[in-house]
Structure formats: C-alpha cells, structure tokens
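Got your viewer open? Grab the mouse and get ready to select things as we go.

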Amino acid sequence: MPLTRSLSMTSLSGLPLWDEEDLPVDDLLLFEIAWEVTNKVGGIYTVIQTKAKITADEWGENLFMMGPYYEHNFNTQVEQCEPPNPAVKKAMGALIDNGCLVYFGRWLIEGSPYVILFDTASAAWNLDRWKGDLWDTCGIGLPGHDREANDSLIFGSMVAWFFKELTDQLGDSPNVLAHFHEWQVGAGLILCRSRKIPLATIFTTHATLLGRYICAGNVDFYNNLHKFNVDQEAGERLIYHRYCLERAAVHCAHVFTTVSQITAVEANHMLHRKPDVVTPNGLNIKKFSAMHEFQNLHSTNKGRIQEFIRGHFYGHLDFNLEKTLFFFIAGRYEFSNKGVDIFLESLSRLNYLLKVHKNDVTVVVFFIMPAKTNNFNVETLKGQAVRKQLWDTAHTVKDKFGKRLYEALLKGDIPDMNTILDRDDFTIMKRAIYATQRHTLPPVTTHNMLDDASDPILTNVRRISLFNARTDRVKIVFHPEFLSSTSPLLPMDYEEFVRGCHLGVFPSYYEPWGYTPGECTVMGIPSVTTNLSGFGCFMEEHVSDPAAYGIYIVDRRFRSADDSCNQLTQFMFGFCQQSRRQRIIQRNRTERLSDLLDWRYLGRFYMHARSMALSRAFPDKFKMEPLAPPQTEGFRYPRPGSVPPSPSVSVHSTPHHSDEEDDDEEPYDEDKEAERDRQNIKAPFTLGATPEGKKTHPGESAN
C-alpha cells in the first residue's frame with residue numbers, strides 16, 4: 001500500500017496529494033497522547049480539542065486519546081463507557097488487575113473521541129522502581145522534589161505498559177500509531193522505543209522547554225540561537241532532567257514535528273534535530289462561523305463593552321463612545337514573552353501622537369491576563385452600581401414624562417415642556433448627577449492586586465503615567481482574570497468580548513504559534529502579531545499584503561526593541577485614523593482569511609506525518625516515494641482589489657453605514673472581492689507541480 005510523498009510541507013501550495021487512497025485506517029489504531037486531554041492547562045488543549053472533529057471523521061472508532069485522570073474533569077467532560085475494542089479492553093484490564101486504575105469513555109466535545117485516562121496517583125507506589133528503569137534505560141535521573149516530572153514518568157510508564165499489553169494482543173494487525181505531544185508525555189515514547197514495542201511514533205513539540213525559559217529572561221534569543229550551550233542553560237535553570245526527557249523523546253520518535261517554521265529553527269538548535277514536518281495549528285472554523293452576521297455581532301457586543309466603560313469611567317466620561325476604539329491583549333501573564341513590555345511603551349507613544357494631532361479618537365485598552373488578586377476593586381464595583389442607578393433614574397423620569405405627554409395629547413393640547421416635569425423630577429435628576437461626581441481618577445485595574453507594588457504591568461503603567469486622566473487619549477483597563485459571562489463587572493464570554501473589540505494586539509517575543517490572533521481572524525477582528533510568532537510567520541508566507549487583510553506583523557527579529565515599538569505605534573495610530581467604513585471593509589477581509597486556518601486543510605499536515613511515521617516503522621507494509629519533492633511555487637494570498645481599505649459604494653451586506661464618509665473614494669465591490677478571495681483560497685489544496693515552461697503570476701495558483 002504505497003503512500004505518495006507530499007510536494008512541500010512549508011507552503012500551502014504543497015499540501016499532501018495521494019495518488020492512491022488515504023491511509024487504510026480500518027487496519028490501524030491511532031492514539032494521541034497529551035497531558036491536556038480532558039485537562040485544560042494551556043494552548044495544547046485547544047489544539048487537541050479543536051482537531052478532534054476532523055481526526056474522528058477520518059479515523060472513526062479507531063481513534064483513541066490518552067491523558068491523565070482527574071476526577072473533576074472526568075465527571076464533567078467524559079461519558080464513561082466500555083471499550084468497544086477487545087484488545088484495548090484487555091490491555092486496560094492488565095493494568096487494573098495490578099492496581100493501576102485506568103478509565104475509559106467518550107470525551108464530550110465535537111467528534112466525541114474515545115479517551116483512555118490513567119490515574120497516576122493509583123500507580124505512585126511504583127515511582128522508585130520506574131525511576132530506576134528510566135535510569136537503566138537511558139541514564140536520565142529525576143529529582144524527588146519535581147512533582148510534575150515525577151507524575152510525567154508515572155504516566156509515561158503506564159502508557160508504555162498499556163502499549164506493550166495492547167501490541168501483544170494485536171500481533172501484526174492492526175498496526176498501532178502513537179502521537180505524543182510535548183515533554184510531559186515524552187517518557188512514554190522513550191520507554192516504548194527502548195523496549196522495542198512495535199508501533200509507529202510521532203513526537204510534536206509545541207514550544208521547546210528551554211526556549212520558553214530562556215526567553216523569559218529578556219535574552220536576544222533568536223539572533224543568538226547558535227551560541228547557546230543548551231546543557232549549561234538547562235542546568236542553570238534546574239530543568240536539565242526535563243530537558244533530557246524532551247530531547248530523548250525527540251530523537252526516539254520516528255517522526256518529529258513542530259507547529260511553525262520559527263519553532264522548527266528553534267528546535268533544530270535547542271533539541272539538535274530538524275523537524276520532519278511542520279504541522280500548523282488550526283481552528284474548527286465552523287464553531288466561530290457567524291455566516292454574514294459577524295458585523296452585527298461586533299455591533300451588539302461592542303455595545304455591551306460600552307456599557308462597562310460608562311460605569312468604569314463615570315464622572316470622567318468626557319469622550320465620545322462612538323469614536324472610541326477598543327484594543328485588547330489576552331493570554332498567560334508572561335510580561336516579556338507576550339510582548340506586554342513593548343505594548344505598554346507603544347501605548348505611551350500612541351497617546352502622545354493622538355494628543356499632538358488633536359485626534360478626537362479615544363482608545364480604551366484591555367489587558368485580560370490572570371494574576372493574583374484577592375477581590376474586585378470597590379471603586380470598580382461602585383462604578384457599575386452608579387451606572388445602573390442612573391439608568392434606573394432615567395427610565396423612571398422617562399415613564400413619567402411619557403405618561404404626561406400621552407395624557408396631554410389625548411386632550412388635544414400641546415404640552416408645556418417647562419411644566420411637564422415637576423420639581424421632584426428635577427430633584428431626582430440632580431441627585432443622580434451629583435452621584436456621578438468623582439474626585440479620583442478611574443481605576444487602572446478592576447481587582448485588588450496581591451502584589452500591586454511589584455506587578456509588572458502596574459509598575460510600567462506608573463512609569464509611562466497612563467492613569468486614565470481626562471487629557472489622556474489612551475485609557476487602560478487591567479482585568480486580571482479570564483472573562484466570564486457570570487462576572488458582575490464585565491459579564492461576557494471571551495468570544496463575545498473579542499467580537500466587540502476593534503483590534504487585538506499580540507506583539508509576542510516568544511509565541512510558537514499564537515491562537516489569540518488566529519481566533520481574532522476567524523471572528524473578523526483585525527490583529528497585531530509578530531514575525532517571531534508561528535501565526536505571524538504563517539501569514540507572512542501565505543498572504544501577499546497581510547496589513548490589507550487586518551493582520552499587522554511587527555518585526556521583532558531584525559529590528560531593535562525601539563524600532564519595533566515605533567512600528568507597533570504606527571500600526572495602531574494608522575488604525576485609529578481609519579474611518580468607520582474602512583474598518584468595516586477591513587473586518588470583511590479579515591474574516592475571509594479564516595479558511596486558511598481551518599483544520600479541514602491544516603489537518604492534512606498531520607496526515608502526512610502519520611504516513612511518514614508508518615513508512616519508517618513498518619517499511620514492509622507502508623512505503624513512501626523516496627524521490628525529493630518537486631519544486632513548487634509557494635501560494636500567496638493576493639492583495640485585495642481595493643487597497644488601502646476604502647469606503648464601499650455597495651453597502652448591502654454591512655449592517656451599519658457611516659454618514660461621515662461617502663464620496664471621492666475608490667469603488668469597492670465586496671461581492672466581487674469576496675468571490676475572488678474564495679476561489680484563490682481553495683486553489684492551493686489541489687495543486688500539482690507547475691508544468692515545465694509555464695510561469696505563474698503572483699497570486700496565481702499552478703494547476
């Protein structure tokens with residue numbers, strides 16, 4: 001059963017093409033092993049969860065996911081059932097009979113894949129013996145104080161034990177393919193290979209362990225990759241044993257993959273193996289698809305954010321909310337890695353530019369990053385209470401006014417506007433106005449921080465003096481908790497909040513992929529990323545003019561920090577100068593890029609990796625053509641027909657129209673542009689090599 005080699009794994013124009021049928025999945029079992037299966041820790045959970053649907057569609061009942069057992073996660077996310085495969089059931093039984101608990105069920109996500117969860121606590125009594133096995137096998141010792149590394153060894157030993165029992169039951173058919181994600185499950189791969197268990201293995205690193213640690217120390221990482229003594233760096237950070245587990249897993253795997261080209265370069269230096277395949281992260285676009293309503297969703301959710309702003313800035317609401325833009329940054333609180341440092345500096349410069357140019361636009365910037373707090377800020381809660389009181393007062397007076405007006409009109413009288421409201425009404429309104437008086441500035445943070453004095457964001461806010469003063473055109477709101485629809489302050493889910501914002505800003509220094517700008521893209525919200533993030537590199541490679549599509553890419557690799565700051569400032573200032581119609585057109589363009597991030601297409605990189613692993617593990621049954629792939633021209637998503645974004649003559653698909661800008665703008669036909677983009681985005685997934693003698697034009701696909 002020959003498997004055709006893909007054309008190119010670095011360009012969308014070279015997505016895998018099989019001359020014959022796809023993998024014979026009926027004669028294979030696929031296991032995906034990750035610490036984040038049913039266990040939300042970080043971005044890998046999003047990868048596993050969103051990819052489950054297309055993987056389950058391909059593999060059906062032969063797909064199993066494996067992870068650690070946590071009682072709460074199991075009770076809320078898994079429907080327990082009996083294993084349908086007798087070999088899997090017997091392998092689980094072998095562990096259970098020896099006192100190691102294993103649970104089976106269906107993960108309650110789209111695709112409903114089977115999950116096998118291992119209770120590491122039930123097998124902890126084997127830890128010392130398994131540590132000895134690991135040392136005897138590969139000379140890696142684990143310290144007793146590192147709970148996470150010890151748990152990973154227990155988990156890995158249980159996984160290797162399970163695979164030994166399973167392959168003994170199955171014999172030569174069906175073959176087993178095991179895909180391991182990240183170093184926490186690497187011990188299982190190492191033990192499987194050292195014990196010569198007959199299975200094909202893939203190891204994916206979503207971010208190298210050492211790379212994340214080094215970048216957190218404000219080091220010029222990417223320009224000095226070749227200079228690092230990796231063993232010394234890992235030892236100085238007391239993670240040498242973890243680094244050894246990761247590196248051993250990388251070298252033991254039949255196929256090594258990573259999630260982006262920038263991480264592939266990093267992995268080659270940090271782990272001393274060049275990735276065989278780059279597997280970009282995708283999203284389940286259907287989940288975020290709002291059809292043609294995403295502009296309406298933006299308007300609706302923007303209104304909800306405006307209500308929060310009315311309360312938070314009560315007494316200082318001297319700016320026009322209709323001319324206020326909402327920017328945000330979200331994710332783990334990694335001050336340098338996530339680029340919060342240059343973002344704050346750029347906001348200071350943006351504030352200066354808006355003042356100097358006497359721009360009437362106000363920018364409110366949200367920092368959604370979880371930090372240690374002890375409660376909501378009293379002043380913030382009071383603001384929402386004042387807003388609600390004013391709302392209630394206005395409705396009370398409105399009802400009285402309406403009733404008196406109605407009675408006067410019934411009598412045929414034109415009411416005297418000076419008498420239609422009595423003295424009590426004016427007293428109520430004056431009291432309400434007095435309640436909005438404020439002698440302090442609106443708070444920068446919505447919560448009481450446990451370590452206010454040394455918090456990096458607040459320390460830098462003090463340095464740049466952005467305290468939400470009346471004269472500031474840039475206002476800051478630090479929300480040190482993830483968003484929730486049950487919050488008394490900002491009752492919105494993350495997706496609703498993103499849809500209501502105008503721009504996501506993610507100037508990360510270390511971001512192997514970057515789901516946050518990807519989520520913005522599929523929801524039609526422009527975003528800022530960098531050429532050091534996997535997402536930014538991916539867009540630079542496949543989109544001719546990313547900025548025209550609302551993807552602003554800051555150069556953080558080849559520019560100094562000050563130059564990167566200036567570039568980010570110019571991106572944001574340029575965005576502030578756009579008209580409302582231009583922003584609407586840009587959101588339309590941004591949303592059309594979402595097909596580039598669909599797992600239906602990007603999942604094929606994983607298919608290629610599986611084919612390669614099977615051909616290396618079972619060369620007698622699975623073969624790939626050894627010839628080098630032919631050269632193909634990389635697909636580039638073309639520039640839109642109207643650049644820069646300009647007001648549209650045709651506004652039928654847009655829910656809002658601005659009266660401020662109409663004439664003297666170049667024509668923009670949204671339907672024609674959308675159709676051209678859709679045709680272009682489909683082209684690369686059916687490409688072959690360019691015939692000899694035929695040239696392609698930029699943006700044209702080779703068929």
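At roughly what angle do the axes of α5 and helix α6 cross, and within how many Å do they come? Before you check, keep in mind that you're looking at a predicted model.

**Stop one: α5 and α6**

Select residues 186-194, which is helix α6, and show α5 alongside. Their axes come within 7 Å and cross at roughly 40°. That angle is why α5 counts as oblique to α6, since the oblique class leaves out angles under 35 degrees, which count as roughly parallel. As for handedness, the crossing of α5 and α6 is right-handed.

Now show side chains where these two helices touch. On the α5 side, pick Ser152, Leu153, Gly156, Ser157, Ala160 and Phe163. On the α6 side, pick Ala187, Gly188, Leu191 and Cys192. Colour them by class and you'll get 6 nonpolar and 4 polar residues, with no charged ones in this contact.

**Stop two: Ser157**

Zoom in on Ser157, which sits in helix α5, residues 147-170. Is Ser157 buried or exposed? Its relative accessibility is 3%, so Ser157 counts as buried, because the cut-off for buried is under 20%. What does Ser157 touch, apart from its neighbours within four places in sequence? Select Trp130 and Leu191 to see those contacts.

**Stop three: α12**

Next, select residues 294-312 to light up helix α12. This helix has 19 residues and reaches 27 Å from its first C-alpha to its last, close to the 27 Å expected at 1.5 Å a residue.

Which residues of α12 are buried? Among them are Phe294, Gln295, His298, Ile305, Phe308 and Ile309. To see what covers the buried residues of α12, switch on elements including β11 (324-330), β12 (362-368), α14 (378-410) and α17 (494-500). Another part of that cover is α21 (580-592), and that's where we're heading.

**Stop four: α12 and α21**

Keep α12 and α21 on screen and hide the rest. Here the axes come within 10 Å and cross at roughly 120°. That angle makes α12 oblique to α21. Turn the view and you'll find that α12 passes α21 in a right-handed crossing. The contact is made by Phe294, Gln295 and His298 from α12, together with Ile584, Arg587, Asn588 and Glu591 from α21. Colour by class one last time: the contact of α12 with α21 has 2 nonpolar, 3 polar and 2 charged residues.

Technical notes:
Residues are numbered from 1 along each chain as its sequence is written. This is a predicted model: local features need pLDDT of at least 70, side-chain atom pairs count only at pLDDT 80 or more; totals for chains, interfaces and linings use all residues. Side-chain values use heavy atoms; hydrogens and water are left out. Helices (H or I, at least four residues) and strands (E, at least two) are DSSP runs, numbered from the N terminus. The expected span of a helix is 1.5 Å times one less than its number of residues. Buried means under 20% relative accessible area, exposed over 50%, partly exposed in between (1.4 Å probe, protein chains only). Contact means heavy atoms within 4.5 Å. Axes are lines fitted to C-alpha atoms, for helices over the stretch in contact, and angles run from 0 to 180 degrees between N-to-C directions. Angles under 35 degrees count as roughly parallel, over 145 as roughly antiparallel, 65 to 115 as roughly perpendicular and the rest as oblique. A crossing is left-handed if the near helix is turned anticlockwise from the far one by less than a right angle, and right-handed if clockwise. Ala, Val, Leu, Ile, Met, Phe, Trp, Tyr, Cys and Pro count as nonpolar, Asp, Glu, Lys and Arg as charged, and the others, Gly among them, as polar.
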